[in-house]
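Please describe the two-chain model below for a reader who works with computed structures, covering confidence, overall dimensions, helix packing and the interface.

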Amino acid sequence: MKRRIFLSFPALLAAQSTPSEDPLLKVMQGEMERAKSLSVVGGQPVYYMECSVDEVHSFSAQASLGGLINSRSNYFRLPGVGLRIGNMDFDNTNYLLSDLFQGTRYDQSQLPLENNLSALRHNFWLALDRAYKTAIEAIGRKKAALRNVTQSETLPDFSAAPPAKLLEPVAAWNLNEEIWKNLAKEWSLVFRNHPDIYDSTVDVEISRDTLFYANTYGAEVRMTEDLFYVRARANSQAPDGMVVRDSITVMSMGANQAPARETVRAEIAKVAANIDALRKAPAADSYNGPVLFEGLAAAQLFAEMIGGQAATVRQPVVEPGRPSPVSASDFEGRRGSRVLPTEFTVVDDPTQKTYRGRPLMGYYPVDQEGVKPEPVVLVEKGNWAGYLATRQPTRETKASNGHARLKGNFGANQAYISNLFVKAEGGVEPAALRQRFLEMLQQRNKPYGLLLRKLDFPSTGGLTELRQMFAGAGSRPVPFPLLAYKIYPDGREELVRGLRFRNMSSRALRDIIATGNDETQFDFIGNGAPLALVGAGNYIVGVSVVAPSVIFDDLELDRPQTELPKLPAVPPPPFSSI
Amino acid sequence: MSFSSLLSAQKAAPAPSVVQVLADELERNRKALAEADPKPYFISYQLFDLESQSVNASMGGITNSNANRNRILDVSVRVGSPALDNYRQIRGDRPRFAAAASVPIDGDLDTLRRRVWLETDRVYRAAAQRLINIKSNQQVKLDGDDKSADFSPAPPTQKSVSVPPLQFDRKKFEERARAWSAYFSGKPNVLASGVTVVAQREFKTIVNSEGTRLEFGRTYARILISAQGKAADGMNLFASETFEAESPSSLPDDKTVQAAVEKVYTKLTALLKAPLAEPANVPAILSGKAAGVFFHEIFGHRIEGHRQKDETEGQTFTKMVGQKILPDFLSVKMDPTLHKLAGTELYGWFDFDDEGVPARPVSVVKQGVLENFLMSRSPIQGFLESNGHGRKQPGAEVVSRQSNLVVESSRQYTPKQLREQLVEEIKKQQKPYGLYFEEVSSGFTITSRRGLQAFSVFPVMVYKVYADGRPDELVRGADIVGTPLTSFSKIAATSSEVTVFNGYCGAESGQVPVSASSPALLVTEIEIALRDRSLERPPFLGPPAGISGGVE
């Protein structure tokens with residue numbers, strides 16, 4: 001399931017729209033029209049409904065060392081419905097159990113692939129009935145929960161936004177799967193020249209999601225999003241037992257825009273080279289002092305520390321005494337406060353398709369709620385300036401700016417970054433930045449400084465590793481350095497491994513003391529999870545981050561004292577001669 | 001797009017077989033680990049080559065049509081000694097070392113070797129760690145009653161049985177499923193419905209350090225038809241028909257399935273109108289299929305060998321070997337070598353179990369007397385060897401499981417005579433009615449000591465039978481409940497006609513295909529209880545109308 005886009009619309013009047021020519025949209029509109037009378041039979045006014053179908057074609061292949069591990073192709077239609085009773089000020093959403101349905105589900109989770117109208121209608125009939133029953137229960141419980149608490153502030157549950165109409169043509173899905181299977185195998189052969197790498201995989205994922213969306217305010221959307229990516233992962237152990245791993249994701253908006261096979265191969269080869277280098281690298285010592293983040297590492301850091309917290313989250317109504325399941329963003333309530341040096345401006349802009357000639361992964365014409373996106377200035381001259389928003393009002397946002405990109409909880413969607421531009425005035429050439437860094441080391445009498453080239457983001461860490469990270473951190477996890485180098489005053493570099501940030505938080509961003517004038521574009525697959533953890537979340541979206549290299553004045557890094565696994569008792573099997 | 005030169009070169013080389021690669025890698029690992037502490041005394045690799053084809057349809061449209069192929073590797077390493085090894089169950093803690101690791105499907109042997117090595121390493125580490133835990137646990141806990149060893153000897157087996165490729169005509173089944181499912185279109189009382197056609201092929205390779213080298217497997221095919229509705233009082237009702245066969249080609253013809261689709265609808269419609277059952281304790285007849293499920297639940301699970309030495313288990317029959325546990329006209333066998341019975345292909349057959357032990361029929365109860373348990377290579381007191389019933393699904397650990405359960409009777413009556421006896425019994429007991437359980441969907445049983453030693457069987461089609469000649473009356477919402485020993489003592493007679501229930505059984509070692517065959521049973525007393533019922537309203541609005549199933 002790839003990107004999903006829902007469209008929703010204004011608030012005021014339920015305009016009677018002319019039925020669409022698209023059979024799927026027509027069915028949805030027809031059943032929503034019929035469901036308006038639910039208010040009469042159920043006694044609770046329905047003020048908003050939406051129906052959607054994600055028609056998904058997907059293909060995936062995984063290979064290792066030239067062997068195909070599996071390949072799958074799928075074609076299915078996922079229906080969705082949303083229904084609100086009450087009014088925008090107070091409805092069935094934004095409550096801990098808003099999505100809880102305790103009855104029997106009769107509507108199917110997958111729709112017929114043919115436009116069989118009676119089957120489609122039947123399903124939306126039952127789905128809306130289920131949504132209505134869920135809504136009645138939720139609003140009742142929500143009112144009961146609120147009876148015994150005093151809300152410090154009351155926010156509306158929904159906000160108005162203009163309805164969108166966008167009917168893109170649906171192209172035929174033609175994919176030569178054999179080509180991609182063979183490429184996955186071919187790319188995975190890169191690791192055969194690296195016998196010390198224990199395990200390696202190359203995944204190829206290609207998908208197309210055509211969203212059909214209609215709501216009771218006349219929104220009508222049919223739009224297609226294509227996504228292509230190759231992800232390579234590998235791991236091994238250093239002689240002392242420390243697990244070393246690396247990964248790379250190469251992506252594009254669809255298989256027809258996929259990078260050349262040699263380009264992909266070269267990126268995968270870097271993963272293999274990195275693992276080999278990390279195995280041989282010495283374990284790092286603890287470090288205190290200035291840290292230079294080169295382009296990619298800086299973009300990864302901003303993606304997590306700014307991008308991961310650029311939206312404020314609505315606290316759902318909970319029964320008195322229950323803890324809220326949602327933790328606030330670091331930047332909530334900090335509008336106008338200094339979060340970065342004054343040279344910095346950060347903008348999230350989903351309306352841009354390319355940057356300096358290169359496609360951006362975060363472009364979309366309408367968001368999941370059918371709202372046309374707008375650029376949002378998150379940081380202006382170092383001060384926090386705005387937040388990403390959906391149609392769900394929060395303490396910081398009253399109206400949508402078209403950033404509902406992921407499915408959220410409690411009847412709402414989740415706002416997420418798209419194309420994040422981090423810009424700093426007065427940046428210098430990368431060579432000059434490096435020179436400046438070396439000078440700082442000398443001034444401070446440091447035997448060496450720390451240069452970071454790549455962080456573990458999106459993280460491919462396993463569960464155990466993640467648990468350690470969350471347990472130790474106390475707050476939000478910070479991606480750890482994957483490629484960290486000691487850099488000596490004479491410019492010599494030495495790769496080290498095993499470093500983790502200590503006490504790193506968004507506050508550290510104010511301690512950036514120098515920036516480059518370089519701009520690195522980093523594309524990744526976001527899913528709303530911390531560290532964009534690979535495999536977390538059911539929904540994924542493309543994101544691009546453009547950022548300069550930066551120097552932090554003073555950071556702490558250390559090597560956690562954990563027990564390291566032993567090396568395998570049996571050496572790896574040799575490869576057959578080829 | 002062409003293969004890389006590397007790949008094509010590799011393809012050209014004469015390749016050893018999968019079984020050979022597994023054997024070589026096993027030997028390489030065994031040798032190297034022989035120097036380690038603790039050293040393994042047994043290693044085995046099981047590779048599942050699984051192919052599945054499925055078509056789902058609902059109301060005249062295909063909702064999903066998929067093909068899948070994967071290969072899964074499970075590794076077993078035993079350290080310690082057969083008397084005490086890393087597989088011993090510590091109270092409440094079942095060992096699990098297998099992890100269903102994916103290995104290449106295109107026969108790339110280098111990739112296979114590497115994954116085998118990685119899995120062996122992982123399992124060896126876990127095995128060594130668990131053995132230490134077990135040994136410390138031994139020092140602080142009392143022994144259970146059964147002081148058997150953890151692993152029994154079994155002679156190595158070498159055999160290669162070929163399995164025909166899966167022949168699945170996707171187009172044909174898509175068309176048929178679409179047509180069959182269309183029957184439920186425009187039937188307002190059917191809220192959800194579907195037709196699924198599934199075909200599978202499994203090919204297993206087992207090699208172990210004792211010299212076992214096996215390749216074997218089988219194919220399966222199944223058609224499932226289901227429909228759901230909601231009675232006016234909120235009760236959710238369900239009707240289904242299934243067909244199981246050894247391969248897609250032996251599935252029933254179009255007409256037979258179409259008739260079954262219509263039967264599902266007829267059953268659901270009748271159930272929706274049927275009155276509620278009330279709790280009762282009355283004489284009854286269980287149809288052959290219902291009796292099969294009844295035996296599978298209350299009896300079959302309790303003769304699984306590993307439960308006899310698990311101190312958390314109820315151990316109903318553990319100390320009853322040689323004693324009478326069933327009426328003397330009944331015998332029960334478990335026969336994984338049987339492919340067909342009473343004209344029906346059986347789901348629970350196999351050539352070898354998942355420990356590579358050859359399948360064989362096991363006489364469990366002879367003329368009412370308990371003779372045997374179902375055994376894997378985990379021995380129990382008095383039963384020191386496997387009888388080929390160690391089974392599992394990929395990623396689980398073997399325990400003893402059922403295969404084809406067959407109930408045989410020497411007190412047989414024609415169905416008509418059996419019914420007459422039921423009527424007699426109703427009169428004798430002065431009950432207002434008796435029950436006829438025509439069809440059951442499934443059941444479950446609790447064998448754990450902490451729970452009640454009870455079972456439930458979920459009937460779908462149950463009729464009240466009156467002694468005064470009134471026609472039978474369908475009722476809904478009744479579950480059969482009972483306790484095993486009492487229930488067995490109430491079996492009075494059987495019919496002469498055997499019917500088969502095919503299905504999947506879920507337990508500690510996952511889902512395995514099984515069957516249960518039995519003649520219909522007359523029981524002098526059976527207890528039914530009210531089923532948990534939904535109180536949710538039927539849909540507020542009536543079904544959509546005005547569109548006649550057209551496809552645009």
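The report that follows takes up these topics in turn.

**Confidence**

This is a predicted model, and the scores attached to the whole of it are an ipTM of 0.88 and a pTM of 0.90. Chain A averages a pLDDT of 90, with 95% of the residues scoring at least 70, while chain B averages a pLDDT of 91, with 96% of the residues scoring at least 70. In chain B, residues 1-12 have a pLDDT below 50, and this stretch has 17 contacts in the model beyond near neighbours in sequence; residues 547-552 of chain B are likewise below 50, and for that stretch the model has 17 contacts beyond near neighbours in sequence. In chain A, the pLDDT stays under 50 over residues 1-17, for which the model has 71 contacts beyond four places in sequence. Where pLDDT is low, predicted coordinates should not be read in detail.

**Overall dimensions**

Chain A contains 8 helices and 24 strands, and the secondary structure of chain B comes to 8 helices and 24 strands. For chain B, the radius of gyration of 26 Å is close to the 24 Å that the globule rule gives for 552 residues, so chain B is as compact as a globular protein of that length. For chain A, a compact globule of 578 residues would have a radius of gyration near 25 Å, and the value of 25 Å for this chain agrees with that. The extents of the two C-alpha traces along their principal axes are set out below.

| Chain | Approximate span of the C-alpha trace along its principal axes |
|---|---|
| Chain A | about 80 × 60 × 45 Å |
| Chain B | about 80 × 65 × 40 Å |

**Helix packing within each chain**

In chain A, the axes of α1(A) and α3(A) come within 9 Å and cross at roughly 40°, and the two helices are therefore oblique to each other. The crossing of α1(A) past α3(A) is right-handed. On the side of α1(A), the contact is made by Pro23(A), Leu24(A), Val27(A), Met28(A), Gly30(A), Glu31(A) and Ala35(A), and on the side of α3(A) by Leu117(A), Leu120(A), Arg121(A), Phe124(A), Trp125(A) and Leu128(A). By class, the residues of this contact divide into 10 nonpolar, 1 polar and 2 charged.

In chain B, helix α2 (residues 18-33) and helix α3 (residues 109-140) have axes that come within 10 Å and cross at roughly 40°, which makes α2(B) oblique to α3(B). The crossing of α2(B) and α3(B) is right-handed. Val21(B), Leu22(B), Glu25(B), Asn29(B) and Leu33(B) of α2(B) meet a set of residues in α3(B) that includes Leu109(B), Arg113(B), Trp117(B) and Tyr124(B). The residues of the contact of α2(B) with α3(B) divide into 8 nonpolar, 2 polar and 2 charged.

**The interface between the chains**

Between the two chains, 54 residues of chain A are in contact with 57 residues of chain B. On the side of chain A that touches chain B, the elements giving two or more residues are α1 (23-35), α2 (38-42), β2 (67-87), α3 (117-147) and α4 (177-188) of chain A. Among these elements, α3(A) gives the most to that side, with 9 residues. Divided by class, the side of chain A that touches chain B has 28 nonpolar, 17 polar and 9 charged residues.

Notes
Residues are numbered from 1 along each chain as its sequence is written. Chains are lettered from A and ligands numbered from 1 in the order in which they are written. This is a predicted model: local features need pLDDT of at least 70, side-chain atom pairs count only at pLDDT 80 or more; totals for chains, interfaces and linings use all residues. Two residues are in contact if their C-beta atoms, placed from the backbone, lie within 7 Å. Helices (H or I, at least four residues) and strands (E, at least two) are DSSP runs, numbered from the N terminus. Ala, Val, Leu, Ile, Met, Phe, Trp, Tyr, Cys and Pro count as nonpolar, Asp, Glu, Lys and Arg as charged, and the others, Gly among them, as polar. Axes are lines fitted to C-alpha atoms, for helices over the stretch in contact, and angles run from 0 to 180 degrees between N-to-C directions. Angles under 35 degrees count as roughly parallel, over 145 as roughly antiparallel, 65 to 115 as roughly perpendicular and the rest as oblique. A crossing is left-handed if the near helix is turned anticlockwise from the far one by less than a right angle, and right-handed if clockwise. pLDDT is the predictor's confidence in each residue, from 0 to 100. The radius of gyration is taken over C-alpha atoms; the globule rule is 2.2 Å times the number of residues to the power 0.38.
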